[in-house]
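Reader: I should be grateful for a close examination of one part of this model, with attention to side-chain pairing and to what is covered or open to the surroundings. Please treat the matter as one connected account.

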Amino acid sequence: MRPLRLWIHTRRHPSAILLLVQLLGMLLYPFIEHAPAGHGAFNVFGVVVLALTIRMVRRTPGETWISATLAVPIIALLALQTFFDLRSTLLPWSSALEALFYFYAAGSLIAYMMGDRQATTDELFAAASTFTLLAWGFTHLYMMVQELHPGTFAAAVNASAPRSWSELNYLSFALLSSTGIGDVIPLTVHARALCSIEMLVGVMYLAAVVARLIGFTTQGRVHRRRPGTQREEWEKD
């Protein structure tokens, strides 16, 4: 019975499952990214995230076929990188497609959250999941730029070395949340332009989407405290 209940809960809140898997990947990947098979393992994990994201998009106003169409070449490119020595050649292409995929999924979730005037449990999970999708999208953009123009990013440790996915993901979260740039910094004008756009996206997302959901949540609590006629009138409005 417990597996059945878990499956039902998963179907009700796919955003929560996607968020959990992404956070788990962010915690585990630093342990394997420098291992010989680490890149292949992360590619396999990326395919899992793609599948979960497509499943989530089905509940939003977004078109599932668009997500699936983007996912097919991504999976093919990741497979070629895993089984053949083509990472340096194919990584910019796969990173660009993954960025587009995550941005489309994030836009679909935003449309889902903005489609009504209430804040459900799944929409609250979707708010966090969307933030993570946006951060991952910009991370893959940074990976693409770094591969095309080596030396794009520097850090306090091994400044001249290419930045790993975990480091660029850390930079992405720092910029999107407006908490600061940290010890990873963009050096070229193109990278700084992307970082500026991410900071703007983060501020607008928190101000327009998250604040709206919080407002609906607060209104719902006030509404439940109102007795009889006032509550019914509020619902009609």
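Author: A residue is called buried when its relative accessible area is under 20%, exposed when that area is over 50%, and partly exposed in between. The model is a predicted one, and the residues discussed here are described on that basis.

Arg 163 has a relative accessibility of 4%, and therefore counts as buried. Side chains of opposite charge can pair when their charged atoms come close. Arg 163 is engaged in such a pairing: a salt bridge joins Arg 163 to Glu 167, with 3.1 Å between the closest N and O atoms. The structure holds 1 salt bridge. Glu 167, the acidic partner, has a relative accessible area of 25% and is therefore partly exposed. The pair thus joins a buried arginine to a partly exposed glutamate.

Ser 166 lies in helix α7, which spans residues 165-176. With a relative accessible area of 17%, Ser 166 falls under the 20% limit and so is buried. When neighbours within four places in sequence are set aside, the contacts of Ser 166 are Tyr 29, Pro 30 and Glu 33.

Helix α2, which covers residues 14-32, includes Leu 27. Leu 27 is exposed because its relative accessible area, 61%, is over 50%. Leu 27 also belongs to a nonpolar surface patch, together with Leu 24, Leu 28 and Phe 31. The accessible area of these four residues together is about 470 Å².

How values were computed:
Residues are numbered from 1 along each chain as its sequence is written. This is a predicted model: local features need pLDDT of at least 70, side-chain atom pairs count only at pLDDT 80 or more; totals for chains, interfaces and linings use all residues. Side-chain values use heavy atoms; hydrogens and water are left out. A salt bridge is a side-chain nitrogen of Lys or Arg within 4 Å of a carboxyl oxygen of Asp or Glu. Buried means under 20% relative accessible area, exposed over 50%, partly exposed in between (1.4 Å probe, protein chains only). Patches are made of residues with over 30% relative accessible area and no salt bridge: like charges are joined within 9 Å, nonpolar side chains (Val, Leu, Ile, Met, Phe, Trp, Tyr) within 5 Å. Accessible areas come from the Shrake-Rupley method with a 1.4 Å probe; for residues, only the protein chains shown count as cover. Helices (H or I, at least four residues) and strands (E, at least two) are DSSP runs, numbered from the N terminus. Contact means heavy atoms within 4.5 Å.
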